[in-house]
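Reader: I would like a close look at a single part of this model. Please take one helix, show how its sides differ, and then set it in its surroundings.

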Amino acid sequence: MVSTGSKVNWPPIEGVISDLDGVVYRGTTAVADAIEAFTRWQEADVPFCFVTNNSTHTPEDVVRKLRGFGLSIAPSEVVTSAITAAELIRANYPHLTRIYVIGAPSLVMAMRDVGLEVTDRTPEAVVMGLDRDITHEKMRIAVEAILNGAVFIGTNPDLLLPTASGFEPGAGATIAAVAAATQVQPSIVGKPQAPMIETALSRLGTNRGSTIMIGDQVSTDIQAGKRAGLATVLVTTGVPTRQGPSLMAPDFIVSSLREIEVSAARAPQARQRRA
Ligand SMILES: [Mg+2]
C-alpha cells in the first residue's frame, strides 16, 4: 500500500539508506530540503548511508560534493557500486585474487583496496563498470576470460546516461555486449539488485525492519530496497519516474524529505557506541 503526503504513520526509523542524484542533489544543484533533513538526522544521531550506482566516483568524491552543499559526512557513509563489487568478491569468492577490470580508476582502486590484484593475465573474475576509454581489446580480454570460466560481475545495469548535451551509453550497455558475446549473464551488484543495499545495511548495523530506502526512481531505488526487504520511500524531486505493472510499488511517496518523520528507534547505548 502506498501512503502519500501528510498524515502518514511512519514506522520507527532506526537507519536511512538513500540514493544521491535526484534526492540530495540534481546534477550540480543541491536539493535544500534533503540537505536539511540529513543534517537534522545527523544531529539526532540517526545513522545513514548513501548508495550510488556510479562506479566512476570514489566515496571521497561524494564527500567533497556534499560538503560543498553544507553536509559533512564520512567516506564510510557512502557505498558505491565499485565498493560493493569489491566487497562481494571478498565475501562470495574469497579464494579469488586476480581480477580484470573494465572501468574507471575508482573501480580499479576499489579492487586494490580489498587486496585484489588487477591484471589481464589469467584473471579469475571480470568486473565491468562504466569505462569511457573502453576498447575492443579490453572487451576481447573480458570475453576470453569469461569463456575460460572467470566470474562475471557488473557494477550497474544502467543502459543510458544523461549528459549536459544529450545521452551516452551507460555501464549496462557494454556489460550487455560482453554478456551477448559470451552468453554468460553477469551478477549485477548495483540497483535494482540488492547487494549494494545489503552492503549499506551492514555498514549501518541497523535492523532491516526499521531501516528505510529513499530514492527517486521506482525502477532502480525502490526495487533494490524492496528486494533487500526494506520499507521504501519514493521522493518526487528527481526526474519523472518510470512505473510499470511488473515493478514493486514504493511503500511511501513524499514530495520532500521534510515529510519523513524519523522517531528514533535506536537504543541509547547504540547511539553512544556510534558516537
Ligand atoms: Mg536517483
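Author: What follows is a close look at helix H5, and then at the rest of the chain around it.

This is a predicted model. The average pLDDT of the protein chain is 92, and 91% of the residues score at least 70. Residues 267–275 are another matter: their pLDDT is below 50. Beyond near neighbours in sequence, that stretch has five contacts in the model.

Start with the helix itself. H5 covers residues 136–147, which makes 12 residues. From first C-alpha to last it reaches 16 Å. At 1.5 Å a residue, 16 Å is what one expects.

Which residues of H5 are buried? They are Ala142, Val143, Ala145 and Ile146. These four cover an arc of only 165° around the axis, so they sit on the same side of H5. The other side of the helix carries exposed residues: His136, Glu137, Arg140 and Leu147. The general rule behind such a pattern is simple. An α-helix has 3.6 residues a turn, so residues three or four places apart point the same way.

What do the buried residues of H5 pack against? Three strands and a helix take part: strand E7 (98–102), strand E9 (125–128), strand E10 (151–154) and helix H6 (171–182). Just after H5 comes glycine 149, with a positive phi of about 105°.

Those three strands belong to one sheet. It is open, has five strands and runs in the order E8-E7-E9-E10-E13. The pairing is parallel. At the edges are strand E8 (117–118) and strand E13 (187–188), each paired on one side only. E7 meets E8 through two bridges, again in the parallel sense. In that pairing, isoleucine 99 has valine 118 of E8 as its bridge partner.

Helix H1 makes a useful companion to H5. It spans residues 32–43 and has 12 residues. Its first and last C-alpha atoms are 17 Å apart, close to the expected 16 Å. Ala34, Ala37, Phe38 and Trp41 are buried in H1. Their arc is only 95° around the axis, which puts them on the same side of H1. Ala32 and Glu43 are exposed on the other side. The buried residues of H1 pack against strand E2 (15–18) and strand E5 (48–52). Aspartate 45, just after H1, takes a positive phi of about 60°.

E2 leads on to another strand, E14. Four bridges join E2 to E14, and the two run parallel. Valine 16 stands opposite isoleucine 212 there. E14 spans residues 211–215, and five of its five residues are buried. In a regular strand the side chains alternate between the two faces of the sheet. Here both faces are covered: Thr211, Met213 and Gly215 lie on one side, Ile212 and Ile214 on the other. Four bridges also join E14 to strand E15 (residues 231–235), in parallel. Glycine 215 stands opposite leucine 234 in E15.

Now the whole chain. Its secondary structure comes to nine helices and 16 strands. A compact globule of 275 residues would have a radius of gyration near 19 Å, and the chain agrees with 19 Å. The C-alpha trace spans about 55 × 40 × 35 Å along its principal axes. Of the 275 residues, 47% count as buried. Among contacts between residues at least 6 apart in sequence, 70% join residues at least 24 apart.

Key
Residues numbered from 1 in each chain as written. Predicted model: local features only at pLDDT ≥ 70, side-chain atom pairs only at ≥ 80, totals over all residues. Rg over C-alpha atoms; globule rule 2.2 N^0.38 Å. Buried ≥ 20, exposed ≤ 12 C-beta atoms within 10 Å, placed from the backbone. Contact = placed C-beta atoms within 7 Å. Expected span 1.5 Å × (residues − 1). Arc of directions from axis to C-beta. pLDDT = per-residue confidence, 0-100. Pairing = 2+ DSSP bridges.
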